[in-house]
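Hi,

Here is the structure I said I would pass on. Have a look at it first, and my notes follow underneath.

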Amino acid sequence: MTGRAEENAEIPEGMEALRLDAPSDTLDRFRKRASLVVGTRYVLERQFYGFWIVLNTMLKLLFKHTKVPLAAPEEHLSSRYRHSLNKSKEGRP
Amino acid sequence: MNTPQEDLALVARCKRELPRGHQAFEELVRAYQSKIYTLCYRMARNAADAEDLLQEILLRLFLSINSFDGRSSFSTWLYRVVYNHCLNALAKKRRATGRDEELASDPPDPRTLPSQKDGRAQAALDRLSDEDRAVLIMKYLTELEIKEIAQILGLSSSAVKMRLLRAREVFKGKYKESL
């Protein structure tokens, strides 16, 4: 028996007794679980957002205080030349 | 049982409401919970495992309902999730226990075995492989069409018909033996 006959074949004897109803507390259990998952996700997202703000601020502060000067000041010059430069600055009017 | 159009309308409402509102999702759960539970129980053969599986599946649906794109009917998509989840859970349990027989030898739950007839039918069903059992359950207990079962299992319709024929014959034989 194949084809259309197979589609319309009757339910075998005994199988109808295997139908079950879900436990009555299914929805309550699911609500608790879902609210826990949604709550945890929310907290984790908020925590991640908070963590990102703190990290961002720390990085900004760090780079602000360790800024590399773009214009080369006198430290890059040799000590002898710096000395003569200071002398000439002092002699200026 | 919902029509495919009613299911689609509920899914569209779920996508709008979730995660703040659960009303549409709960309507979907009410419509399908008994059939999902039947499939889980008959696959897992244990009430505690079936209840856990049901909850895990509902949570999975809750988190992934936005990924349902309407290419198949909602019921087909849902039962595919249920079937794959049950098979994975059974495989995991078998790896953990190491023996297939242990699954079948779990003590029957009195809440779900109200009659001898049920026990005999379950015993006959237990003789089938996971795939054959799933085909029988989907066809006769969750009342899916052959075409839908084929989509869920990733088989051709004719392969499903052959499997159904074989599974039904084995079930009938084992059930008669136990009378």
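Before anything else: pLDDT is the predictor's confidence in each residue, on a scale from 0 to 100. You'll want that in mind, as this is a predicted model.

**Confidence in chain B**

Chain B has a mean pLDDT of 84, with 88% of its residues at 70 or more. Within chain B, helix α3 (residues 47–64) has the highest confidence, with a mean of 92, while helix α5 (residues 101–104) has the lowest, at 49. Where pLDDT is low, the predicted coordinates should not be read in detail.

**The core**

The largest nonpolar core has 66 residues, and the members that touch the most others are B:F25, B:F74 and B:L136. Helix α2 of chain B (residues 23–44) is the biggest giver here, with twelve residues in this core. In soluble globular proteins, nonpolar side chains tend to be buried together.

If you want a place to start looking, try B:F74. Leaving out residues up to four places away in sequence, B:F74 touches B:D7, B:V11, B:L28, B:Y32, B:I65 and B:F68.

B:L128 is another spot to click on. This leucine sits in the loop between α6 (116–126) and α7 (130–141) of chain B. B:L128 counts as buried because its relative accessibility is 6%, under the 20% cut-off. Apart from neighbours within four places in sequence, B:L128 contacts B:R133, B:L136, B:A167, B:V170 and B:F171. One of those partners, B:V170, is 42 residues away along the chain from B:L128, yet their C-alpha atoms are 7.5 Å apart.

**A buried glutamate in α8**

Now to helix α8 of chain B (residues 146–153), where you'll find B:E148. The helix is mostly covered, with six of its eight residues buried: B:I146, B:E148, B:I149, B:A150, B:I152 and B:L153. Just after α8(B), B:G154 has a positive phi of about 70 degrees.

So what does the side chain of B:E148 pair with? No salt bridge, for a start: B:E148 is buried without one, and the nearest side chain of opposite charge, B:K147, is 8.4 Å away. Instead, the B:E148 side chain makes polar contacts with two serine side chains, B:S73 at 3.5 Å and B:S75 at 3.1 Å. Beyond its neighbours within four places in sequence, B:E148 is in contact with both of these serines and with B:T76.

**Salt bridges, within and between chains**

Over all chains, a search of the whole structure turns up 16 salt bridges. Side chains of opposite charge can pair when their charged atoms come close. Here are some to look at:

- B:E143 and A:R19 form a salt bridge through their side chains, at 3.1 Å from N to O. This pair joins two chains, because B:E143 is in the loop between α7 and α8 of chain B and A:R19 is in the loop between α1 (4–7) and α2 (26–65) of chain A. B:E143 is partly exposed, at 42% relative accessibility, and A:R19 is partly exposed too, at 38%.
- A:R29 and B:E51 form a salt bridge at 3.3 Å, N to O. This pair also joins two chains, since A:R29 belongs to helix α2 of chain A and B:E51 to helix α3 of chain B. With a relative accessible area of 28%, A:R29 is partly exposed, whereas B:E51 counts as buried at 13%.
- B:D69 and B:R71 pair within chain B, at 2.9 Å from N to O. B:D69 is partly exposed, with a relative accessible area of 48%, but B:R71 is exposed, at 76%.
- A:D28, A:R31, B:E26 and B:R30 are linked in a salt-bridge network.

**One last residue**

B:P19 is in the loop between α1 (4–17) and α2 of chain B. With 45% relative accessible area, B:P19 counts as partly exposed. Its C-alpha atom is 8.6 Å from that of B:L63, and the two residues are 44 apart in sequence.

Cheers

Technical notes:
Residues are numbered from 1 along each chain as its sequence is written. Chains are lettered from A and ligands numbered from 1 in the order in which they are written. This is a predicted model: local features need pLDDT of at least 70, side-chain atom pairs count only at pLDDT 80 or more; totals for chains, interfaces and linings use all residues. Side-chain values use heavy atoms; hydrogens and water are left out. A nonpolar core is a set of buried Ala, Val, Leu, Ile, Met, Phe, Trp, Tyr and Cys residues joined through side-chain atoms within 4.5 Å. Buried means under 20% relative accessible area, exposed over 50%, partly exposed in between (1.4 Å probe, protein chains only). Helices (H or I, at least four residues) and strands (E, at least two) are DSSP runs, numbered from the N terminus. Contact means heavy atoms within 4.5 Å. Lys and Arg count as positive and Asp and Glu as negative; His and the chain ends are not counted. A salt bridge is a side-chain nitrogen of Lys or Arg within 4 Å of a carboxyl oxygen of Asp or Glu. A polar contact is a pair of N or O atoms within 3.5 Å; within protein, one must be able to donate a hydrogen and the other to accept it, and residues adjacent in sequence count only if both atoms are side-chain atoms.
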